[in-house]
Amino acid sequence: QYHLLFQIVDARKHQLVEAHVRCYAFRHVRGANGETTYFQSHYMKLNHPNDDLGGMIILNVPCMVVHRVDAWSPLLPPLTGLRTRGQGVSNSFRFPEVLQRAYDFDTGGRGIGTIPGEPINEDDIAEGAAQGRLPGGSVLLDPEAVRQYWRDCKLEIVVFVEGIDAVTSSSFQKRHSYTADDIEWDRAFVSLVHEDADGGCVVSYDSLHTTRPLLPGELDDVGPVVSVM
């Protein structure tokens, strides 16, 4: 399973109060009739920080933001036309259905089921798996096909970091965006936080954008990494 990761940190002396993060994907969407709708925004559910809890973050040390590329991720091509066998609300998404997360299924937060209103059918589950759609919303990706889709739909990921300035008490918002060219696959961030001789915390801001190849067997469930804010 692939995840999209990036890092956020506030290098100022006084960090944001009540900071939280939101992510959106902007893309062109081609409908089943061949008509293209341009620059559509799609919310990206976050595993960390958990957006069900407000996406709250603390920025005095780097915070890793994680989006899982599952059946409800706007980083995948949208489902068009009628659902086929093996596609249901528990493993695929069609607008304007409510967004879910595969993680909620993994942790027992909801059950499976492939065809709305019908009992679970093992043949349907097998058919969904053959299409790369696993029970609960996990998906099997073809990285090259996904990269080509990002280029075709002009994907841009926009990140909003919001909070309250600790000095002025004013609301603060920082925006940053990533395109397909910014995304690196099968890499991890280098460690930024170290302990000095006196036991203090040292953050290497110069390495904020530095990634390294994943080692064999390391973070098997973690895939692409984007350059950081």
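1. Starting with Leu 140: in this predicted model, Leu 140 sits in the loop that runs between helix 2 (122–130) and helix 3 (143–153). For a leucine, the accessibility is worth a look: Leu 140 is exposed, with a relative accessible area of 53%. The cut-off for calling a residue exposed is over 50%, so 53% earns Leu 140 that label. Which residue does Leu 140 pair up with across 69 residues of sequence? That is Ala 71, with the two C-alpha atoms 9.7 Å apart in space.

2. Now another loop residue, Ile 57. You'll find Ile 57 in the loop between strand 3 and strand 4 (63–68). Is Ile 57 buried or exposed? Ile 57 is buried, at a relative accessible area of 10%, whereas Leu 140 in its own loop is exposed. Ile 57 also has a distant sequence partner to check: Gly 163 is 106 residues away along the chain, yet 9.6 Å separates the two C-alpha atoms.

3. On to the sheet. Four strands make up an open sheet, ordered 3-2-5-6, and the pairing is antiparallel. Strand 3 (36–43) and strand 6 (171–179) take the edge positions; each has a single partner strand, so one side of each lacks a neighbour in the sheet. Direction ignored, neighbouring strands here are turned by 20° against each other on average.

4. Looking at the strand 3 end of the sheet, strand 2 (residues 17–30) pairs with strand 3 in the antiparallel sense, over 6 bridges. To pin down the register, take Ala 25, which stands opposite His 42 in strand 3.

5. At the other end, strand 5 (residues 156–164) and strand 6 are also an antiparallel pair, with 9 bridges between them. Here Ile 164 is a handy marker: its bridge partner in strand 6 is Ser 171. The two strands form a hairpin, and 6 residues lie between them. Which residue in that turn has a positive phi? Ser 169 does, at about 65°, and I'd list that value in any write-up of the hairpin.

6. Next, the enclosed space. How many cavities of 30 Å³ or more turn up in a search of the whole structure? The search finds 1, and the volume of the largest cavity is about 40 Å³. Its lining is made of Lys 45, Asn 47, His 67, Arg 68, Asp 70, Trp 72, Ser 73, Gln 100 and Arg 101. By class, that lining breaks down into 1 nonpolar, 4 polar and 4 charged residues.

7. The second largest pocket holds about 220 Å³ of space. It is lined by 11 residues, and those closest to its centre are Ile 8, Val 9, Asp 10, Phe 172 and Lys 174. What classes make up this lining? There are 8 nonpolar residues and 3 charged ones, with no polar residue. Set that beside the cavity lining, with its 1 nonpolar, 4 polar and 4 charged.

8. Last, the cysteines. The structure holds 0 disulfides. Cys 63 is buried, with a relative accessible area of 8%, and Cys 153 is buried too, at 3%. Both values count as buried because the cut-off is under 20%.

Conventions
Residues numbered from 1 in each chain as written. Predicted model: local features only at pLDDT ≥ 70, side-chain atom pairs only at ≥ 80, totals over all residues. Heavy atoms only, no water. 1 Å grid on protein atoms, 1.4 Å probe; cavity = no way out; pocket = protein on both sides within 12 Å on 5 of 7 lines; lining within 4 Å. Points joined across faces, edges and corners; volume = space filled by probe spheres on them. Nonpolar A, V, L, I, M, F, W, Y, C, P; charged D, E, K, R; others polar. Disulfide = S-S within 2.5 Å. Buried < 20%, exposed > 50% of the residue type's maximum accessible area, 1.4 Å probe, protein only. Pairing = 2+ DSSP bridges. Axes fitted to C-alpha atoms, helices over the stretch in contact; angles between N-to-C directions.
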